[in-house]
Amino acid sequence: IVDKNGNRHFREVVIVVGRKNGKAVSIETEIPTPNGFVKMRDVHEGDYVFGSDGKPTKVLYESPIFHKPMYMVEFEDGSKIKASEDHLWSVQTKNTRRLKTYEPKTARTRFAFNKIEGDYIVLSTKDMANDFARVRKDGKGIEYKYRVPMAEPVEYEVKDLPIEPYLLGVWLGDGESNGQSITTDGKDKEELVRHLSASTRYSLITKQKSSDIKRGSNVHTVIVDWHEKGYNQSSKCNDSFRTHLKELDLLNNKHIPDMYMLGSIEQRYELLQGLMDTDGFCSKAGECEFIQKNYRLAEQVKELCESLGIKASIKVKE
């Protein structure tokens, strides 16, 4: 600010700007909200979105739409986001975990290097663009330099679900596509039945086909019965397991219904437990896998994990 002679009016100026100001992403970005994912362009003042703590957070202000140079940022799990070159990120590197101070050689905006809680620093997209990955010394793939913190599990409200989440997870993994039967190995039968009995209102019947017995197979079938425990079988049952599978459009169409993807943290964990108890695997090192030929279901399991604060990625192999 100068006068008519070009002289400055002030020696110093203080600019006050709200924290996290200017973190621009594409208006097509999908934002998690208590009602499911919504595009950024459709989020307005007074709406609620999920914060990094997993809790619903009220939108207090909506900025005007503006145009900036953008980058496509891809994460290790395959997800992508369009962010502006000056978008600020809280990131962690091997150096920030070791050193008290950190300032990359490629840095352009020195103001950004404020150390924050948990050995994270703040960098812009542009700062990281040419300094984000390198070939591992052992030659086994790419090592990524920057890490962003995982969000906490998102806190959807408890849903009134027609089928218990654990039972649905087990059926999605090892259930008959057009019926209420679940196939299991004899070694797992007792444990599976015990977990199912504790989690469902339906009666369970276990049996082994005569053909499997003759050929020495240890395959067993668990049938989720048509009626609830203690149900008077002389009356018609409109609340059978198969009826609910049909109502949810799951027969010959295995997937996770939306209401289950938006269930509470506990309900989503129970669903994941059922899925892992059937098509899951855990190595001695503690690495977990879910193996599934249904790609749509695999994608949903990945999203389910992410909603619980668990990093997951998909690998395709024959």
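This report walks through a predicted model of a protein chain, from its overall make-up to a few individual residues.

## The whole chain

Let's start with the big picture. The chain has 318 residues, and 34% of them count as buried. Its secondary structure comes to 9 helices and 15 strands.

What share of the contacts between residues at least 6 apart in sequence join residues at least 24 apart? The share is 56% in this protein chain. As for the surface, about 21400 Å² is exposed, and carbon and sulfur atoms supply 50% of that area.

## Helix α3 and its partner α4

Helix α3 covers residues 165–174. Of its 10 residues, 9 are buried, so the helix is largely enclosed by the rest of the structure. You can find the buried ones by name: P165, Y166, L167, L168, G169, V170, W171, L172 and G173.

One neighbour of this helix is α4, made of residues 186–199. The axes of the two helices are 8 Å apart, and the angle between them is about 140 degrees. Angles over 145 degrees would count as roughly antiparallel, and α3 and α4 are therefore described as oblique to each other.

Which residues make the meeting point? On the α3 side they are Y166, L167 and V170, and on the α4 side they are L192, H195, L196 and S199. Sorted by type, the residues of this contact give 5 nonpolar, 2 polar and no charged.

## A strand covered on both faces

Now look at strand β8, which spans residues 121–124. I121 and L123 sit on one side, V122 and S124 on the other, and all of them are buried. Both faces of β8 are thus covered.

Strand β7, residues 88–91, runs antiparallel to β8, and 4 bridges join the two. To see one of these pairings, find L88: its bridge partner in β8 is S124.

## The loop between α6 and α7

Helix α6 spans residues 241–247 and α7 spans 258–261, and D249 lies in the loop between them. N252 has its place in this loop too, as does K254.

D249 is not a glycine, yet its phi is positive, at about 55 degrees. N252 also has a positive phi of about 55 degrees, and N252 is not a glycine either. Their accessibility is worth checking as well: D249 is partly exposed, with a relative accessible area of 47%, while N252 counts as exposed at 58%.

Is K254 buried or exposed? At 14% relative accessibility, K254 counts as buried, because the cut-off for buried is under 20%. Leaving aside its neighbours within four places in sequence, K254 is in contact with W171, L172, G173, D174, G175, S177 and N294. Three of these names, W171, L172 and G173, also appear among the buried residues of α3. R296 is 42 residues from K254 along the chain, and their C-alpha atoms are separated by 8.8 Å.

## K302 in helix α9

For a last stop, turn to K302, which belongs to helix α9, residues 295–307. This lysine is buried, with a relative accessible area of 15%.

What does K302 touch, leaving aside its neighbours within four places in sequence? Its contacts are D77, A312, S313 and I314. A312 is 10 residues away along the chain, and the C-alpha atoms of K302 and A312 are separated by 5.7 Å.

Methods:
Residues are numbered from 1 along each chain as its sequence is written. This is a predicted model: local features need pLDDT of at least 70, side-chain atom pairs count only at pLDDT 80 or more; totals for chains, interfaces and linings use all residues. Side-chain values use heavy atoms; hydrogens and water are left out. Axes are lines fitted to C-alpha atoms, for helices over the stretch in contact, and angles run from 0 to 180 degrees between N-to-C directions. Angles under 35 degrees count as roughly parallel, over 145 as roughly antiparallel, 65 to 115 as roughly perpendicular and the rest as oblique. Contact means heavy atoms within 4.5 Å. Ala, Val, Leu, Ile, Met, Phe, Trp, Tyr, Cys and Pro count as nonpolar, Asp, Glu, Lys and Arg as charged, and the others, Gly among them, as polar. Buried means under 20% relative accessible area, exposed over 50%, partly exposed in between (1.4 Å probe, protein chains only). Two strands pair if DSSP finds at least two bridges between them. Accessible areas come from the Shrake-Rupley method with a 1.4 Å probe; for residues, only the protein chains shown count as cover.
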